[in-house]
Amino acid sequence: MPEEQRTIEARKKALALLEIRDRTTKELRERLLRCGYSQEEAEDALRYAASFGYVDDLRYAENYILWRKDEKSQKKIFTDLYTKGISRETMEQAWEETAGDDHEESSMIEKEILKKYPAGSSLTPKQMRSLQGSLARKGFRYEDISDALSRCEISVEW
């Protein structure tokens, strides 16, 4: 297939992939490369899609934060975005524009705790470790978890 035809095919593939769902620059590049396009063809397709505003890492990060800020910690969201190829500066800019100071992680932790156990519950050490581990995997800091547990009056029965 002629080189010009491959470039057109790569552009079409990029647009088709973006029709399915929004993607970061890194995700789209990797997907095009996996489809067998060369680095040059993939970069051309990225520039082409970006020229129409179809690939925008800041917009992607803002949307990601808006949809997940009520269920994940800032740390976890930033980790997820980093793996998707979003730069630290872009993440911070998106965070300021979407979540800003309104993001209240302590109430999120309390909500997660109360989903599993009613206020005033007494847990076994194993249940407590499981609960703390679950919250820590969501990116919450240990100090914040401990504070939320005390506010919910969750204790350990020895």
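Biologist: What percentage of the 158 residues in the chain do buried residues make up?

Modeller: The model is a predicted one. A residue counts as buried when its relative accessible area is under 20%. By that cut-off, the buried share of the 158 residues in the chain is 39%.

Biologist: Which secondary structure elements make up the chain, and how many of each are there?

Modeller: Read along the sequence, the elements follow the pattern α-α-α-α-α-α-α-β-α-α-β. The secondary structure thus comes to 9 helices and 2 strands.

Biologist: Why is the chain described as more spread out than a compact globule?

Modeller: Along its principal axes, the C-alpha trace spans about 75 × 30 × 20 Å. For 158 residues the globule rule gives 15 Å, and the chain is more spread out than a compact globule because its radius of gyration is well over that value, at 22 Å.

Biologist: Which residues touch the most other members of the largest nonpolar core?

Modeller: In general, nonpolar side chains tend to be buried together in soluble globular proteins. The largest nonpolar core here has 14 residues. Helices α7 (105–116), α8 (125–137) and α9 (142–151) each supply at least two residues of this core. The members that touch the most others are Ile113, Leu131, Leu135, Leu149 and Ile154.

Biologist: With which residues is Ile113 in contact, leaving aside its neighbours within four places in sequence?

Modeller: Contact requires heavy atoms within 4.5 Å. With those sequence neighbours left aside, the partners of Ile113 are Leu131, Leu135, Ala148, Leu149, Cys152 and Ile154.

Biologist: How far apart do the centres of the positive and negative side chains lie?

Modeller: The chain carries 28 positive and 32 negative side chains. The centres of these two sets are separated by 7 Å.

Note on methods: Residues numbered from 1 in each chain as written. Predicted model: local features only at pLDDT ≥ 70, side-chain atom pairs only at ≥ 80, totals over all residues. Heavy atoms only, no water. Helix = DSSP H or I, 4+ residues; strand = E, 2+ residues; numbered from the N terminus. Rg over C-alpha atoms; globule rule 2.2 N^0.38 Å. Buried < 20%, exposed > 50% of the residue type's maximum accessible area, 1.4 Å probe, protein only. Lys, Arg positive; Asp, Glu negative; His and termini not counted. Charge placed at Lys NZ, Arg CZ, Asp CG, Glu CD. Core = buried A, V, L, I, M, F, W, Y, C linked by side-chain atoms within 4.5 Å.
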